[in-house]
Structure formats: structure tokens, C-alpha cells
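Here is a set of short exercises to work through with the model open on your screen. Try each task before reading its solution.

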Amino acid sequence: MYPGRRVCSRRESTPRHEKVRETYCRPRLLPYSQRCAGDQVCRGVRMVCETAYRDVLRTRVTPRTAYSCCPGWSARRTSPFGCDSPVCHPPCENGGVCERPDVCVCRAGFTGPRCQADVDECDEAAERRCDHVCSNTPGSFRCQCRPGFVLQPDGRSCQPAGKPPGIAPDPTDGDFEFLAKKLAKLEQILLVRQRHELEEEAEDSEVELTSGAAAANAVAKLSARIDSLQTEIQQMRQADHQRCAHVQEQLSRLEDVCSRIAIVERKVHHIAGACSTRNANKVWP
């Protein structure tokens, strides 16, 4: 591997064996003679060092710079430059994509650090998926209608059997109950958020409070803020009730129009049948 993006370097030593020729002292025994005392000749053997050559293996350590992918990254086989593939341990499940080291991006319907958990789409606390019955499936959901109703092409809404298509279904108690739960949850989220803001303002105000008058002023501001929040929540509830009443009024009008259209269609068919009969009984000269 070569230097590149997300490539880390390190120093390492590489041993290398090489064959070299060296000199050494090879011992050798040589006879000798010399004159000794009494005009005698003394003979003996002495050891001498004879220079010789031999081949030996020596290990030489060569320092070098090695390159490898930084932790959390890997290189593609087709590219020796740079490491562009993140690594997740353990790997992502259920079709999740490893976007960054140990960070999985889950596809719709799954959640968790490794996308190992299935999302319950039928949990009405998050969002109401179906008009009547919602069945959770791995990574998705399936809607079903109660007896006497027909599932519409959108796969979610239910219409009474035999009712003309295109007309909005009548609101049920479940619809109003779902809206009430949704409103309560929004109110709770709003209160928690505003409480955090008030706590932050209170912490900032503690630094500035130097007297009893300043503390009383801060308490009064907080009380006014709480009253304002309660007023906003009440207005939100009134607006939701008005929307529900408007929807019911529109549904009543649509049903009235449909009834009138049906009456007109029956009259038209009756007139057309009478005209046909009259023309058939007429005698032409």
C-alpha cells in the first residue's frame, strides 16, 4: 500500500539474511627443530595461525516505513491508494449501510446501533398508519379493515362496502382519540422544551442576581412565561376542536350532495325510459 487518504504509517525493522565471505584463523601444526643445550637438536610441533576464508550467513536489520489503513477503515482491492471503505464491528444488519467507522445507517423500518431492531410502525404514539387494524411486519406494516369495510388503493384507509369512492370516511371515535393522544404528546414535548429553556435562563440569571429585588424580578418573569405557555396550549386545544367541527360539517355537506345526485340520476333514468316507451308505441303513417 502507498500513502493516501486515511492511510497511517509506522516504522518497522525488516531482518534480511545475506551471505558474506570472511577471513578466520585456521590452526595448523607445523614440525620444527632447533639446537638445544649441549649441541643437541630438539624437535617438536608448534601451532600456527593460517589465514583462511569461509562463507557465513549474517542477519542485517533494515528499517523501513510501512503503510496500512487507519483504524476503522479498509481499502478496496481495486485501489492501492487510500482507504475509502468504513468498517463496522459487528457489521450492520437488515440491509443497513456502514457510513462511518462503527456507524450504521438503517433502512426504513429498522433501528438500533447495528440496525438489529425492527421498528413497530403500528405504535400510535408515533404516527397512526391505518384507519382500523395495523399489523406490524419485519421492516414494514400491513393494514386491515373491520368487517363491512373495504381497504382502499392507498393500502391504509378503509371505506364502507358499497360507498362511492372518493368520499372521505366518517370520523370515528378512534380518530378523535388519536388526535387527543397526539395533542397531549405535543403539549408534553412543548412543556419539557420550555422547562429546559426556563432552567437555562434561571442558571444564567443566578450569576446576575446580586440582591433580593433582582431575584424577585426574575421570579416574576418566569411566572409570566409559564402563564403565556398555558395560554398557548389552551389556544392549540381550541384550534383542534374547531378543525374537527369543520371536518364534520364538510362530511355532512358531501353526503347531502351525494343524495341529491342519486335522486337526479333516478329521475333522468325514469324520463329516459318513458321517452323510449312512447317512441315505441307511436304509429307512423
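**Exercise 1. Work out how much surface the chain offers and how much of the chain is buried.**

Start with the area: the accessible surface of the protein chain in this predicted model comes to about 21600 Å². Carbon and sulfur atoms account for 54% of that surface. Next, turn to the residues. The protein chain has 285 of them, and 15% count as buried; the cut-off for buried is under 20% relative accessible area. Finally, look at the contacts with a separation of 6 or more: 46% of them are between residues 24 or more positions apart.

**Exercise 2. List the secondary structure elements in order, then describe how E1 and E2 are joined.**

Step one is the count: the protein chain holds two helices and 12 strands. Step two is the order. Reading from the N terminus, the elements run β-β-β-β-β-β-β-β-β-β-β-β-α-α.

Step three is the pairing. E1 and E2 are antiparallel, with 30 bridges between them. Follow the hairpin to its turn and you will find three residues between the strands, where Gly38 has a positive phi near 80 degrees. For one bridge in this pairing, take Cys8, whose partner in E2 is Ser68.

**Exercise 3. Cys8 also takes part in a disulfide. Find its partner and give the handedness of the bond.**

First, count the disulfides in the model: there are 10. One of them joins Cys8 to Cys70, with an S to S distance of 2.0 Å. This pair links distant parts of the chain, 62 residues apart: Cys8 is in strand E1 (residues 7–36), while Cys70 sits in the loop between strand E2 (40–69) and strand E3 (73–74).

Now for the handedness. The torsion about the S-S bond of Cys8 and Cys70 is about 115 degrees, so the disulfide is right-handed.

Last, check each cysteine for exposure. Cys8 has a relative accessible area of 30%, so Cys8 is partly exposed. Cys70 is at 16%, so Cys70 is buried.

**Exercise 4. Is Arg114 buried or exposed, and which residues does Arg114 touch?**

Begin with the location: Arg114 is in the loop between strand E7 (110–111) and strand E8 (117–118). The relative accessible area of Arg114 is 15%, which means Arg114 is buried.

Then look for partners. The side chain of Arg114 reaches the backbone oxygen of His89 at 3.1 Å. Beyond neighbours within four places in sequence, Arg114 is in contact with His89, Pro90, Pro91, Cys92, Glu93, Asp102 and Cys104.

To place this in context, turn to the record. UniProt, in an unreviewed entry, lists residues 84–116 and 118–159 under "domain: EGF-like". Over residues 84–116, the chain is 33% strand and 0% helix, and the end C-alpha atoms lie 25 Å apart.

**Exercise 5. Characterise the disulfide of Cys106 and Cys115.**

Distance comes before torsion here. The sulfur atoms of Cys106 and Cys115 are 2.1 Å apart, and the two residues form a disulfide. The torsion about their S-S bond is about -95 degrees, so this disulfide is left-handed.

Now compare the two ends. Cys106 has 25% relative accessibility and therefore counts as partly exposed. Cys115 has 1%, so Cys115 counts as buried.

**Exercise 6. Build a picture of strand E9 from its disulfide, its hairpin and Ser135.**

Take the disulfide as the starting point: Cys122 is joined to Cys134, with an S to S distance of 2.0 Å. Cys134 belongs to strand E9 (133–137), whereas Cys122 is in the loop between E8 and strand E9, and the two are 12 residues apart. The torsion about the S-S bond of Cys122 and Cys134 is about -75 degrees, so the disulfide is left-handed. Cys134, at 25% relative accessibility, counts as partly exposed.

Move on to the hairpin. E9 runs antiparallel to strand E10 (residues 140–144), and five bridges join them. Thr137 has Ser140 as its bridge partner in E10. This hairpin has two residues between the strands, and Gly139 takes a positive phi near 80 degrees.

Finish with Ser135, which lies in strand E9. At 18% relative accessibility, Ser135 counts as buried. Leaving aside neighbours within four places in sequence, Ser135 is in contact with Cys122, Phe141, Arg142 and Gln144.

How values were computed: Residues numbered from 1 in each chain as written. Predicted model: local features only at pLDDT ≥ 70, side-chain atom pairs only at ≥ 80, totals over all residues. Heavy atoms only, no water. Helix = DSSP H or I, 4+ residues; strand = E, 2+ residues; numbered from the N terminus. Buried < 20%, exposed > 50% of the residue type's maximum accessible area, 1.4 Å probe, protein only. Polar contact = N/O pair within 3.5 Å; in protein donor to acceptor, adjacent residues only side chain to side chain. Contact = heavy atoms within 4.5 Å. UniProt positions renumbered as here; feature names shortened; annotations may be inferred. Disulfide = S-S within 2.5 Å. Areas by Shrake-Rupley, 256 points an atom, 1.4 Å probe, with all protein chains shown as cover. Pairing = 2+ DSSP bridges.
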